[in-house]
Amino acid sequence: MGEAIVITSGKGGVGKTTTSANIGTSLALMDKKVCLIDTDIGLRNLDVIMGLENRIIYDIVDVIQGRCKLQQALIKDKRFDYLSLLPAAQTSDKSAVTTEGMKEIVSELKQEYDYIIIDCPAGIEQGFQNAIAGADRAIVVTTPENSSVRDADRIIGLIEKEDMIEPPRLIINRIRNHMMKNGDMLDIDDIVQLLAIDLIGIVADDEEMIKASNKGEPISLSPNFKSSISYRNIARRILGETVPLQSLEEEKGFMQKIKAFFKI
Amino acid sequence: MQETKPTITIKGTRDGLILFIDENSSFEEILQDLIKKLDASTPQKEEPVVSVKVKLGHRYLTEEQRHQLKEIIEDKNRFQIEAMESDVIPIKDAKTWLDESQLKVVNQIVRSGQVLETKGDLLLIGDVNPGGRVRASGNIYIMGNLLGIAHAGIEGDQEAFIAASYMKPAQLRIAEYISRAPDYEADGVYMECGIIDPDQNKIVIDSIKTLSKQRKVISAFERRMNNG
């Protein structure tokens with residue numbers, strides 16, 4: 001029996017979809033059977049980030065309205081067999097999906113997959129209600145900005161009212177270390193203290209991520225980047241491992257290392 | 001019917017008259033006797049207005065009966081009813097009083113978009129995050145960070161106050177007064193309380209230590225008992 005995790009944030013543009021894609025990929029890299037569900041009906045993105053857009057034949061609305069079987073709508077990832085995607089519809093709107101329909105799909109997928117990662121749309125309306133309907137636990141994504149933290153707080157309040165197995169956990173995304181150090185960005189500790197939920201990971205703001213997204217290759221596939229390690233760590237924490245938070249210090253260049261060496 | 005005890009006793013004091021009404025007589029009887037008694041003394045035109053206190057003993061009067069009594073007393077005479085005191089109140093009223101005056105202890109984080117509203121005093125063990133709101137008809141005590149909006153005395157109690165372990169609120173409201181955070185970035189304060197200062201006619205924030213001087217009776221229940 002698998003576990004359904006919803007990735008949500010309230011505010012748009014904080015990296016829900018990227019996070020969903022990368023957590024899903026990282027879990028699949030650890031030999032877990034993973035199914036990604038895009039619930040952002042009308043504004044689907046997850047298929048683009050995963051590079052699977054051209055394979056879509058049926059979508060989640062087709063499944064709910066009985067035009068196809070669930071298995072027919074699932075898209076196998078081109079890189080691993082262990083990863084599937086249930087895409088959102090691009091033509092309908094959020095009212096085409098009901099909470100009951102979502103619950104049914106998720107519980108059916110749970111029979112077959114270890115993890116179901118649900119990518120939630122922005123906002124707190126029907127789309128959000130649908131996305132959290134079938135979830136066992138939630139991960140809230142925020143960036144170190146006031147507006148995003150405020151919305152995360154609102155979302156956590158709404159999730160706490162649902163009967164989930166565990167309280168939601170937090171990812172702080174798009175951290176710019178130098179700005180945080182100078183006090184121009186909210187501090188990680190301040191955010192965690194305000195939101196009062198467990199931190200499950202921090203991800204640095206990384207230009208490589210934009211490149212990867214545009215190529216349709218989740219960054220966690222290549223182990224050379226900091227943000228890729230971040231996502232892999234989050235996946236390990238989801239599996240229950242204890243992994244320390246990675247340092248966000250910038251890697252020093254070769255010359256700087258030599259300078260630092262001689263100063264000692 | 002033989003009268004053993006007068007239904008109405010009138011006593012004069014320095015502050016005015018006190019009307020004792022016997023609690024065992026029927027209401028009809030009282031009204032009749034009252035009319036008789038009051039008719040016996042027709043007031044002079046230049047007589048000053050006398051304030052009257054009515055003591056009802058263990059008698060409960062409905063709103064209508066109170067009105068009737070008031071009309072009779074104030075009608076022909078230069079009397080003015082200052083208070084009608086009864087030693088009893090209905091259970092329903094007592095229950096609402098109790099409800100409104102009890103300290104409600106709530107253990108939660110009031111997050112953005114959430115509203116926590118209680119009757120009586122509120123003790124919140126937890127934070128009020130930005131965008132969150134707590135409202136109480138009595139005082140508000142917060143063991144945590146107050147970063148959102150707190151409104152004490154929502155039914156108009158200007159004596160109510162707001163105390164918090166750490167205070168950096170977006171707004172403080174007490175009764176119909178509102179004060180907001182300054183526009184410049186300011187640090188919050190620890191162990192302080194917001195209270196209406198009648199001299200400045202606005203909400204001021206002061207150390208909790210000064211509270212004992214300004215508010216002798218802290219609990220909403222006691223205030224209620226004193227004020228009726």
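In the predicted model, the largest nonpolar core holds 75 residues. Within this core, A:Val34, A:Ile60, A:Ile116 and A:Ile118 touch the most other members. Helix H7 of chain A, residues 146–161, gives the most to the core, with six residues. The contacts of A:Ile60 can be listed in full once residues up to four places away in sequence are left out. They are A:Ile37, A:Ala73, A:Leu86, A:Pro87, A:Ala88, A:Ala89 and A:Val97. Another core lies apart from the largest one and has 28 residues. Its members include B:Val128, B:Leu147, B:Ala150 and B:Ala152.

UniProt, in an unreviewed entry, lists residues 3–160 of chain A as "domain: AAA". In the model this span is 41% helix and 18% strand. Its end C-alpha atoms lie 18 Å apart.

The contact between the chains draws seven residues from chain A and eight residues from chain B. On the side of chain A that touches chain B, helix H7(A) again appears, giving the most with five residues. By class, that side of chain A has three nonpolar, one polar and three charged residues.

Chain B contains five helices and 15 strands. Of its 228 residues, 26% count as buried. Contacts in chain B were also sorted by sequence separation. Among those between residues at least 6 apart, 34% join residues at least 24 apart.

One sheet of chain B is open and has four strands. The strand order is E1-E2-E3-E4, and the pairing is mixed. Strands E1 (8–13) and E4 (79–86) stand at the edges. Each has a single partner strand, so one side of each is left without a neighbour in the sheet. From one strand to the next, the twist averages 20°. Strand E2 (residues 16–21) and strand E3 (residues 50–57) of chain B pair in the parallel sense, over four bridges. Across this pair, B:Phe20 stands opposite B:Lys55 in E3(B).

A second annotation covers a later part of chain B. An unreviewed UniProt entry places "domain: Septum formation inhibitor MinC C-terminal" at residues 105–205 of chain B. Over this span the chain is 0% helix and 53% strand. The end C-alpha atoms of the span are 23 Å apart.

Strand E8 of chain B, residues 133–136, has parallel partners in E6(B) and E10(B). Four bridges join E8(B) to strand E6, residues 115–118 of chain B. Three bridges join E8(B) to strand E10, residues 149–152 of chain B. B:Arg133 takes part in both pairings: B:Val115 has B:Arg133 as its bridge partner, and B:Arg133 stands opposite B:Ile149 in E10(B).

The side chains of E8(B) alternate along the strand. B:Val134 and B:Ala136 point to one face and are buried. B:Arg133 and B:Arg135 point to the other face and are not buried. In a regular strand, side chains alternate between the two faces of the sheet.

Key
Residues are numbered from 1 along each chain as its sequence is written. Chains are lettered from A and ligands numbered from 1 in the order in which they are written. This is a predicted model: local features need pLDDT of at least 70, side-chain atom pairs count only at pLDDT 80 or more; totals for chains, interfaces and linings use all residues. A residue is buried if 20 or more other C-beta atoms lie within 10 Å of its own, exposed if 12 or fewer, and partly exposed in between; C-beta atoms are placed from the backbone. Helices (H or I, at least four residues) and strands (E, at least two) are DSSP runs, numbered from the N terminus. Two strands pair if DSSP finds at least two bridges between them. A nonpolar core is a set of buried Ala, Val, Leu, Ile, Met, Phe, Trp, Tyr and Cys residues joined through C-beta atoms within 7 Å. Two residues are in contact if their C-beta atoms, placed from the backbone, lie within 7 Å. Ala, Val, Leu, Ile, Met, Phe, Trp, Tyr, Cys and Pro count as nonpolar, Asp, Glu, Lys and Arg as charged, and the others, Gly among them, as polar. UniProt positions are given in the numbering used here, feature names are shortened, and annotations may be inferred rather than shown by experiment. Axes are lines fitted to C-alpha atoms, for helices over the stretch in contact, and angles run from 0 to 180 degrees between N-to-C directions.
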